[in-house]
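Here is a short tour of how the chains meet and where the charged side chains pair up. Have a look at the model first, then read on.

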Amino acid sequence: MDLAAVVRRLEIDKLYADYAHCLDADRLEEWPDFFTEDCAYRVTSAENVEAGLPLGIIYATSKNMLVDRVMALRRANIYEPQRYRHLISGLRIEGSQGDALDVTANFLVVRTMQDGAMTLFAAGCYIDRIVRREAGWKFARKDVVLDSRRIDTLLALPL
Amino acid sequence: MDLAAVVRRLEIDKLYADYAHCLDADRLEEWPDFFTEDCAYRVTSAENVEAGLPLGIIYATSKNMLVDRVMALRRANIYEPQRYRHLISGLRIEGSQGDALDVTANFLVVRTMQDGAMTLFAAGCYIDRIVRREAGWKFARKDVVLDSRRIDTLLALPL
Amino acid sequence: MDLAAVVRRLEIDKLYADYAHCLDADRLEEWPDFFTEDCAYRVTSAENVEAGLPLGIIYATSKNMLVDRVMALRRANIYEPQRYRHLISGLRIEGSQGDALDVTANFLVVRTMQDGAMTLFAAGCYIDRIVRREAGWKFARKDVVLDSRRIDTLLALPL
């Protein structure tokens, strides 16, 4: 492992830290910018993944669809009383395909309601493919694999 | 990013790991040593921060005030039956001011009672300014921004 | 800190990420391979550690005993409806003894049941000794120190 590989590793750490920050700070309008134009974004369950089922619960096949999703969310929620906090750890570079990297990481999202009640909102792993663009690393594919198969309506939220 | 920048990044990781360890190991007497003499330490809510309210729930403007707080805590709690565990992730260097660095990170604190009951105790983010001293990186400012606005009395504890 | 030390640090990060992945992906048969042949694996409580009690709740003194444990687990559980997710953070290199390193880290394990119910399953810290072998870093000793002293029967699971 040379310095270039070390720097790349830290860049990828930063990608996930920035991604979590974007969501937790409710800057959803910036969320699609973490993806390539022709990205695939999917929320699915570990059960589906293990069964080899290709279609997830939520499926977007372009950055534009993510933009639409955020706009829909903003229209639906005049006031958002809860907060989300992402903890991401265990980041692994699984392999590479050309200039793309396959990366996985564990995540936990904790939700805090306005009255202070805290709940475990979601846990699972990301199975991602990232590519380097001029503006930095982007998600060409992001599979959000939930440990639960009961998918809450709130999972319309970006994870 | 050169080797010096990489090393600095790992040093900052270490600062937060050491900080979490100090609190979780109940070595509260060592906690003020993570701060500069003229530090500012504040516990506040995300709601306050967004409203631009300057005063937090807890406010200390020197390391000595932190020392006093620990002494008060030790006097108040003859026996402490619960344990806390900090998970810190998503560390980001947001910018620099002279030799100071602005750093943010997400945190989750889990509390375990003696009977084994576990609860989500606090979640939020740190908004910090750190400076390098001879003894290593210190917090010149630490804002503990809680996702909840209901502040438990136990938040007298260092976070 | 030179490049070799930086690389070593990232290798150790990777060891813990791989370890968490192995357990969360239910690849228990690969779990013993994270240990040396003459390893010591112990699950204990923080209370025991502070009292200086040497024997933990679960104690294995060789990799073979870990293999046996996994086989016993597989026989006992025909079907495993729950999922576990490890969040590991705050990794610290505490010191070294010859070519061995003493490493600690915080962990949180979240359990998700098939119906979607999520619970805090375990929190605590690892107190480990790792050594480098040809196949990479291995645990020569792993103490899983739980914050709780009420040990659930499910703690037969590798942590």
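## Salt bridges inside chain A

A salt bridge here is a side-chain nitrogen of Lys or Arg within 4 Å of a carboxyl oxygen of Asp or Glu. Keep in mind that this is a predicted model. Over all chains, the structure holds 45 salt bridges.

Take Asp128(A) and Lys142(A): their closest N and O atoms sit 2.9 Å apart, so the pair makes the cut as a salt bridge. Asp128(A) belongs to strand E5 of chain A and Lys142(A) to strand E6 (residues 136-146), with their positions 14 residues apart in the chain. Are these two buried or exposed? Asp128(A) is buried, at a relative accessible area of 1%, and Lys142(A) is buried too, at 0%.

Strand E5 (residues 118-133) of chain A also carries Arg132(A), which forms a salt bridge with Glu11(A), the closest N and O atoms being 3.1 Å apart. Glu11(A) is in helix H1 (residues 3-24) of chain A, so this pair links parts of the chain that are 121 residues apart. Both ends are partly exposed: Arg132(A) has 42% relative accessibility, and Glu11(A) has 26%.

## A buried pair in chain B

In chain B, the side chains of Asp24(B) and Arg85(B) meet in a salt bridge, at 4.0 Å from N to O. Asp24(B) lies in helix H1 and Arg85(B) in strand E3, so the pair ties together parts 61 residues apart in sequence. Both residues are buried.

## Where chain B meets chain A

Chain B brings 27 residues to the contact and chain A brings 24. Together the two chains bury about 2,100 Å², 61% of it on carbon and sulfur atoms. Arg92(B), Leu120(B) and Asp147(B) supply 29% of the area that chain B buries against chain A, more than any other three residues.

There are 3 salt bridges across this interface. In one of them, Arg85(A) pairs with Asp147(B), with the closest N and O atoms 2.6 Å apart. Lys14(A), Asp18(A), Arg92(B) and Glu94(B) are linked in a salt-bridge network. The interface also counts 9 residue pairs in polar contact. By class, the side of chain B that touches chain A has 13 nonpolar, 5 polar and 9 charged residues.

## How the copies are related

Chain B superposes on chain A by a rotation of 120° with 0.0 Å of shift along the axis (RMSD 0.0 Å). The two copies are therefore related as by a three-fold rotation axis. They use different surfaces, as 19% of the contact residues of chain B recur in chain A.

Technical notes. Residues are numbered from 1 along each chain as its sequence is written. Chains are lettered from A and ligands numbered from 1 in the order in which they are written. This is a predicted model: local features need pLDDT of at least 70, side-chain atom pairs count only at pLDDT 80 or more; totals for chains, interfaces and linings use all residues. Side-chain values use heavy atoms; hydrogens and water are left out. Contact means heavy atoms within 4.5 Å. Buried area is the accessible area (1.4 Å probe) that two parts lose on being put together, summed over both. A polar contact is a pair of N or O atoms within 3.5 Å; within protein, one must be able to donate a hydrogen and the other to accept it, and residues adjacent in sequence count only if both atoms are side-chain atoms. Ala, Val, Leu, Ile, Met, Phe, Trp, Tyr, Cys and Pro count as nonpolar, Asp, Glu, Lys and Arg as charged, and the others, Gly among them, as polar. Copies are superposed by least squares on the C-alpha atoms of residues with pLDDT of at least 70 in both. Helices (H or I, at least four residues) and strands (E, at least two) are DSSP runs, numbered from the N terminus. Buried means under 20% relative accessible area, exposed over 50%, partly exposed in between (1.4 Å probe, protein chains only).
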